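Colleague: Thanks for making time to go through this model with me. Could you take my questions one by one and show me how you reach each answer?

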Amino acid sequence: MSAIQPGNVIVISEHECKEVLTPERVLFLTEQALADYSNGLAVNPVKLHLPLYPENNGWINSMPSWLKRQNVVGNKWINVHGDNPAKHNLPTVVGVCVLNDPATGIPYAIVDGTYVTAMRTGACAAIQAKYMGKKDAKIMTIVGAGVQGNTTMTMAGMTLPSIEEVRVMDIRPEATQRLIENAKKQYPDKKYVAYDDLAAACAGADIVFIAAHGMERVLIDTIELHKGLTVVGIGQWIIPEQRSKFDRVIFDFIDCVVHRANQAGQYTKELYGTPYTVMERSIADGEIGDVITGKAVGRANDDEIVFSFGVGMSIEDIAVAYEAYEKAMERGLGTVVNLFDVGK
Ligand SMILES: NC(=O)c1ccc[n+]([C@@H]2O[C@H](COP(=O)([O-])OP(=O)(O)OC[C@H]3O[C@@H](n4cnc5c(N)ncnc54)[C@H](O)[C@@H]3O)[C@@H](O)[C@H]2O)c1
């Protein structure tokens, strides 16, 4: 039972989330949520995807889950509009989380989902790199130096302590420079190199994070896939034709990736006549939660070429949003609003 009076909701802003959430706790909570899901302690259905194209270049997803450890139910409602930064001077991704009491179903908190998403996405990518990357990885590349690219840097700095060189590649040089400046403040002992060529940025790297938007069909065909490489997809999955390029493929949530890929493929085919190959569940060897709990094999040796993709799970968002709620309550932050007439 929440401490918020039924009928009231507490609104916790992005600014307040930034005040109360630490990268260390987000990393811990994200890994714990993935392990809990593997152990049957969380319920996370496939997200509902609402495409808004061709009239608009974007989509909105609805992402519910139930975390039994924390005893919280929540939903995140989140967009991805790749043209937002250039056309509207707005972020690509903005979201909102609603927390409900599992016993009554009554909502009691509305928490920003923008910072929550950025932090948990970086955490999930860094966790995948920790479990799927080869031992003692030295060079990592971040492709796409936007919001998720920056949080990936923050989190990977914690999960990959052996990294000595960080390469950053973005089509906007100013974004590349900004990420490098931020990273130097957090991890001053590493070498940072800016790239404007994708293939060069990935040549010889141990881990490549792809945090750019809409690169589905070009990226994996552009970079050289050498022994020991781990590609962590944040803004993209692979298509079935690319599967044979990898020795091992791990997703966070196989059913969700397969559903999203086939829905997107079917929709694009109907709209533009673009052919697509149906993605089967067998494309993936396992899920990252099961790798964390030891139920699935992660990387088998230092030579395997691995692709790991996190489509993004509600459990990660709701675990972090609930942390923001608890910390805000402790510190007297947030704004209480009487939203419903229940109890009157
Ligand atoms: N998997 C998840 O859970 C999850 C969560 C949130 C966002 N995302 C995805 O992450 C991606 C990035 O989101 P964001 O919020 O960081 O967006 P953003 O707009 O803040 O950053 C994207 C960056 O990619 C750069 N970019 C675009 N095309 C590029 C290219 N060809 N090569 C190199 N850089 C390029 C842009 O200049 C920009 O700096 C989106 O595709 C989004 O769908 C995934």
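Colleague: Let me start with a loop residue: between which two elements does Asn89 lie?

Modeller: Happy to help, and please keep in mind that this is a predicted model. Asn89 is not a glycine, although its phi is positive at about 55°. As for its place, Asn89 sits in the loop between helix 3 (84-88) and strand 6 (95-100).

Colleague: Is Asn89 buried or exposed?

Modeller: A residue with 12 or fewer other C-beta atoms within 10 Å of its own is called exposed. For Asn89 the number within 10 Å is 7, so Asn89 is exposed.

Colleague: And Asn71, what is its burial class?

Modeller: Asn71 is also a non-glycine residue with a positive phi, near 55°, and its loop runs between strand 4 and strand 5 (72-80). The partly exposed class lies between 12 or fewer and 20 or more neighbours. With 13 other C-beta atoms within 10 Å, Asn71 is partly exposed.

Colleague: Which residue does a cis peptide bond join to Tyr53?

Modeller: The omega of that bond is about 10°. The partner is found in the loop between strand 3 and strand 4 (59-67). The residue joined to Tyr53 is Pro54.

Colleague: Let's step back to the whole chain. What is the radius of gyration of the protein, and how does that fit the globule rule?

Modeller: The protein has 11 helices and 16 strands. For 344 residues the globule rule gives 20 Å, and the computed value is close to that, so the protein is as compact as a globular protein of that length. The radius of gyration is 20 Å.

Colleague: Among contacts between residues at least 6 apart in sequence, what percentage join residues at least 24 apart?

Modeller: For some context, buried residues make up 46% of the 344 residues. Among the contacts you ask about, the share that joins residues at least 24 apart is 73%.

Colleague: How is the protein divided, and how far apart are the centres of the domains?

Modeller: Domain 1 covers 8-116 + 315-338, while domain 2 covers 121-313. Taken over C-alpha atoms, the separation of their centres is 22 Å.

Colleague: Which element gives the largest share of the side of domain 1 that touches domain 2?

Modeller: The contact takes 22 residues from domain 1 and 26 residues from domain 2. On the domain 1 side, helix 2 (23-38), strand 3 (48-51) and helix 11 (314-331) each supply at least two residues. That side divides into 12 nonpolar, seven polar and three charged residues. Its largest share, nine residues, comes from helix 2.

Colleague: How many of the residues of helix 11 are buried?

Modeller: First a check on geometry: at 1.5 Å a residue helix 11 should span 26 Å, and its end C-alpha atoms are 25 Å apart, which agrees. Gly332, with a positive phi near 70°, follows this helix. Helix 11 is largely enclosed by the rest of the structure, because its buried residues number 13 of the 18.

Colleague: Which element gives the most to the shell around the ligand?

Modeller: There are 27 residues around the ligand, and Gly144, Gly146, His213, Gly235 and Gly312 come nearest. Helix 4 (114-132) and helix 5 (147-159) are the elements that give two or more residues. By class the shell has 14 nonpolar, 11 polar and two charged residues. The element that gives the most, with three residues, is helix 5.

Colleague: Is Gly144 buried or exposed?

Modeller: Gly144 is placed in the loop between strand 8 (139-143) and helix 5. Beyond its neighbours up to four places away in sequence, Gly144 touches Gly149, Asp170, Ile210, Ala211, Ala212 and Gly235. The cut-off for burial is 20 or more other C-beta atoms within 10 Å. Gly144 has 26, so Gly144 is buried.

Colleague: One last helix: which strands do the buried residues of helix 9 pack against?

Modeller: Helix 9 (residues 254-272) reaches 27 Å from its first C-alpha to its last, close to the 27 Å expected for 19 residues. Its buried residues are Ile254, Cys256, Val257, Val258, Arg260 and Ala261. They pack against strand 3, strand 13 (248-251), strand 14 (286-287) and strand 15 (306-309).

Key
Residues are numbered from 1 along each chain as its sequence is written. This is a predicted model: local features need pLDDT of at least 70, side-chain atom pairs count only at pLDDT 80 or more; totals for chains, interfaces and linings use all residues. Domain bounds come from an automatic or database domain assignment. Two residues are in contact if their C-beta atoms, placed from the backbone, lie within 7 Å. Helices (H or I, at least four residues) and strands (E, at least two) are DSSP runs, numbered from the N terminus. Ala, Val, Leu, Ile, Met, Phe, Trp, Tyr, Cys and Pro count as nonpolar, Asp, Glu, Lys and Arg as charged, and the others, Gly among them, as polar. The expected span of a helix is 1.5 Å times one less than its number of residues. A residue is near a molecule or strand if its C-beta atom, placed from the backbone, lies within 6 Å of it. The radius of gyration is taken over C-alpha atoms; the globule rule is 2.2 Å times the number of residues to the power 0.38.
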